[in-house]
Amino acid sequence: MEGEAVDAELRLGPPGCGGGASSAGCTESKYVKVSVEGARYQRKVDLRAYGGHAELRAALLGLAGHMLDLAVAYEDDAGDLLLAGDLPWDMFVPDCRSIRIMRRSTTVTSS
């Protein structure tokens, strides 16, 4: 929620899921590529390592450095580019194929 502190660390996997016997309750990973506008690299993050949109957004915006006025968008299974946060988290995770961090001035609204 707004004003709430969130963990802004990028994670490669769910906390406590090291692959041993204690990881029996861990869910399957969901890795997606993350691209930052203007950057020549991409990262992969495990969506299931995060508890919601605010936590993921805080971690992703750390990738973009000091760029201002950023939007986090994602490509869904149909190939459409949508703003992250439009779907509830439990629907977003299976629907997301990739994530893009871009300036709000380059985002396009669909009619």
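**Strands and salt bridges in a predicted model**

Me: How do you know that strand 1 and strand 2 count as paired in this predicted model?

Reply: Strand 1 and strand 2 run antiparallel and share five bridges. Pairing asks for at least two bridges, so the two strands qualify. One of the matched positions joins Val34 to Arg43, its bridge partner in strand 2. The hairpin they form has five residues between the strands, and within this hairpin Gly38 takes a positive phi near 90 degrees.

Me: What makes strand 1 and strand 5 a pair, and is the sense parallel or antiparallel?

Reply: Here there are four bridges, in the parallel sense. At least two are required, so this counts as a pair too. Val34 appears again, this time opposite Ile99 in strand 5.

Me: Why is strand 2 called an edge strand?

Reply: The open sheet has five strands in the order 2-1-5-3-4, with mixed pairing. Strand 2 pairs on one side only, as does strand 4 (81-83), which makes these two the edge strands. Neighbouring strands in the sheet are turned by 30 degrees against each other on average, ignoring direction.

Me: What about strand 3 and strand 4: how many bridges do they have?

Reply: Three bridges, in the antiparallel sense. With at least two needed for pairing, strand 3 and strand 4 are therefore paired. Ala73 stands opposite Leu83 of strand 4.

Me: Which strands does helix 1 lie across?

Reply: Helix 1 (residues 53-61) lies across strand 1, strand 3 and strand 5, and runs at about 115 degrees to strand 3.

Me: Which side chains of strand 1 point to one face and are buried?

Reply: Those are Val32, Val34 and Val36. Tyr31, Lys33 and Ser35 point to the other face and are not buried. As background, side chains in a regular strand alternate between the two faces of the sheet.

Me: What makes the contact between Arg103 and Glu37 a salt bridge?

Reply: Their side chains meet at 3.4 Å, N to O. The limit is within 4 Å, so the pair qualifies. Arg103 sits in strand 5 (residues 96-103) and Glu37 in the loop between strand 1 (31-36) and strand 2 (42-46), so this salt bridge ties together parts 66 residues apart in sequence.

Me: Is Glu37 buried or exposed, or in between?

Reply: Glu37 has a relative accessible area of 25%. Buried means under 20% and exposed over 50%, so Glu37 is partly exposed. Arg103, at 39%, is also partly exposed.

Me: And why is Glu75 called buried?

Reply: Its relative accessibility is 16%, and the cut-off is under 20%, so Glu75 counts as buried.

Me: How do you know that Glu75, Arg97 and Arg100 belong to one network?

Reply: Start with Arg97 and Glu75, whose closest N and O atoms are 2.5 Å apart. Arg97 lies in strand 5 and Glu75 in strand 3 (residues 70-76), so that salt bridge ties together parts 22 residues apart in sequence. Glu75 also forms a salt bridge with Arg100, at 3.7 Å. Both distances are within 4 Å. Through shared partners, the salt bridges join Glu75, Arg97 and Arg100 into one network. Arg97 is partly exposed at 42%, and Arg100 is partly exposed at 34%.

Me: How many salt bridges does the rule give?

Reply: The count comes to three.

Me: What makes Ala78 exposed?

Reply: Ala78 has 64% relative accessibility, and exposed means over 50%, so Ala78 counts as exposed. Ala78 lies in the loop between strand 3 and strand 4.

Terms used. Residues are numbered from 1 along each chain as its sequence is written. This is a predicted model: local features need pLDDT of at least 70, side-chain atom pairs count only at pLDDT 80 or more; totals for chains, interfaces and linings use all residues. Side-chain values use heavy atoms; hydrogens and water are left out. Buried means under 20% relative accessible area, exposed over 50%, partly exposed in between (1.4 Å probe, protein chains only). Axes are lines fitted to C-alpha atoms, for helices over the stretch in contact, and angles run from 0 to 180 degrees between N-to-C directions. Contact means heavy atoms within 4.5 Å.
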